[in-house]
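The following exercises concern a single protein chain and its ligand. Each task is followed by a solution that proceeds step by step.

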Amino acid sequence: MTVNENGITVLNGNQKRNPQLDDIITIMGEASAFAQNLKQVITSPIRFFQTDQKMYIKSEGKHCLGILKIGRKNLFYRDLNGVIKEIQPICVLDFYVHESVQRKGIGKELFEEMLRQEMLRPEKLGYDRPSPKLLGFLKKYYNLQTYIPQNNNYVIYSQYFDNKQTNISQQQFAQKNHQQQQNPQLVNQQTQQQRVQPQQTPQKMDQLDQMMQQMTLESKQQYQSFQKSKAQPPWATDQKQFQNMYQTTTGLMSAQIHKK
Ligand code: ACO
């Protein structure tokens, strides 16, 4: 396995399988299920490969010390008022450090590596059926404590719904960083354009002023023509129409006199 500078390997569910990787996943998956007292193994090669999940593996030489499996889930979340929201967070699906090395900071190393690579904060993740150990871990390192229990057993901390602004600016920051790496010239051009914009503002104000004057003039003219039209009977907007109306009315009156 290729190990990064922090001694961690990242596996993608869509990558090619090999027998050694299968062995590691099988053994760690079974040990994790046993440690959590689960009736079913939730991490196995069949359940991992050909999915969009990711697995972070901590190893030392030929020893595998721990695994952390994540994946995006579509969840229905019910708040205190009973209102249901649909959310799609990345979730911690399985997390296990071998008993011989627990409480030595390996869990923290794995978790932090995942946060860095996924560019996430702990409160923006969902947690599938977290064990008391994981709840203690999240409280100790990230002060995560408050959540509303859900029927689906996923824990979404109340801070998940906070700081939308910060999250957006974080995304923008990440996007800009990415752009800068891909095309530094483009980012420089954009920054220059942003700098030029404030100088154009007075010009825009002048244009706006002219538009306002034009609109005032037009509405004045409309008002005057409206006042003029009020002086005439509503059915006679011009001279000819007025005459026609007069003739029709007198014609009808004389016809009635004749009839009588
Ligand atoms: N009892 C209570 N809290 C514990 C325990 C324990 N036996 N082990 C770890 N913790 C918590 C504590 O907050 C601890 O701090 P403390 O020692 O000051 O009390 C902190 O985690 C230690 O942090 P790390 O050393 O970085 O964590 P570790 O390497 O032990 O990994 C992990 C944490 C993954 C939860 C590990 O204990 C483990 O594998 N447990 C068994 C399997 C398990 O419960 N996994 C979580 C399943 S839920 C899910 O995956 C969504």
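**Exercise 1. Describe the surface and overall make-up of the chain.**

Solution. The accessible surface of the chain amounts to about 19,100 Å², and carbon and sulfur atoms account for 52% of this surface. The coordinates belong to a predicted model. Next, consider burial: the chain has 260 residues, of which 28% count as buried. Its secondary structure consists of seven helices and eight strands. Finally, take the contacts between residues at least 6 apart in sequence: 57% of them join residues at least 24 apart.

**Exercise 2. Determine how many salt bridges the chain has, and characterise the partners in the pairs with Arg 17, Lys 58 and Lys 85.**

Solution. Step 1 recalls the principle: side chains of opposite charge can pair when their charged atoms come close. The criterion applied here is a side-chain nitrogen of Lys or Arg within 4 Å of a carboxyl oxygen of Asp or Glu, and the count comes to six salt bridges.

Step 2 takes Arg 17, whose side chain forms a salt bridge with that of Asp 22 at an N to O distance of 2.8 Å. To classify the partners, recall that buried means under 20% relative accessible area and exposed over 50%, with partly exposed in between. Arg 17 has a relative accessible area of 43% and is therefore partly exposed. Asp 22, at 15%, counts as buried.

Step 3 turns to Lys 58, which meets Glu 109 in a salt bridge, again with an N to O distance of 2.8 Å. Glu 109 belongs to helix H3 (residues 106-118) and Lys 58 to strand S2 (residues 54-60), so this pair ties together parts that are 51 residues apart in sequence. Glu 109 is partly exposed at 36% relative accessible area, whereas Lys 58 is buried at 9%.

Step 4 examines Lys 85 and Asp 79, whose closest N and O atoms are 3.9 Å apart. This distance is within 4 Å, so the pair qualifies as a salt bridge. Lys 85 is partly exposed, with a relative accessible area of 34%, and Asp 79 is buried, with 17%.

**Exercise 3. Identify the composition of the largest nonpolar core and the surroundings of Tyr 127.**

Solution. The largest nonpolar core comprises 24 residues. Within this core, Val 92, Phe 111, Met 114, Tyr 127 and Leu 138 have the most contacts. Strand S3 (63-72), strand S6 (90-97), H3 and helix H4 (132-142) are the elements that give two or more residues to the core. H3 supplies the largest share, five residues.

For Tyr 127, neighbours within four places in sequence are set aside. The residues then in contact with Tyr 127 include Val 92, Phe 111, Leu 138, Asn 153 and Tyr 157. A second, separate core contains ten residues, among them Leu 21, Phe 49, Ile 57 and Tyr 96.

**Exercise 4. Which residues come nearest to the ligand, and how much of its accessible area does the protein cover?**

Solution. There are 23 residues around the ligand, and those that come nearest are Phe 95, Arg 103, Gly 105, Ser 131 and Lys 140. Three polar contacts can then be examined in turn.

- Lys 140: a side-chain N or O atom is 2.7 Å from an oxygen atom of the ligand.
- Gly 107: a polar backbone atom lies 2.8 Å from a ligand oxygen atom.
- Gln 102: a polar side-chain atom is 3.4 Å from an oxygen atom of the ligand.

The final step concerns coverage: on its own the ligand has 960 Å² of accessible area, of which the protein covers 85%.

How values were computed:
Residues are numbered from 1 along each chain as its sequence is written. This is a predicted model: local features need pLDDT of at least 70, side-chain atom pairs count only at pLDDT 80 or more; totals for chains, interfaces and linings use all residues. Side-chain values use heavy atoms; hydrogens and water are left out. Buried means under 20% relative accessible area, exposed over 50%, partly exposed in between (1.4 Å probe, protein chains only). Helices (H or I, at least four residues) and strands (E, at least two) are DSSP runs, numbered from the N terminus. A nonpolar core is a set of buried Ala, Val, Leu, Ile, Met, Phe, Trp, Tyr and Cys residues joined through side-chain atoms within 4.5 Å. Contact means heavy atoms within 4.5 Å. A residue is near a molecule or strand if one of its heavy atoms lies within 4 Å of it. A polar contact is a pair of N or O atoms within 3.5 Å; within protein, one must be able to donate a hydrogen and the other to accept it, and residues adjacent in sequence count only if both atoms are side-chain atoms. Accessible areas come from the Shrake-Rupley method with a 1.4 Å probe; for residues, only the protein chains shown count as cover.
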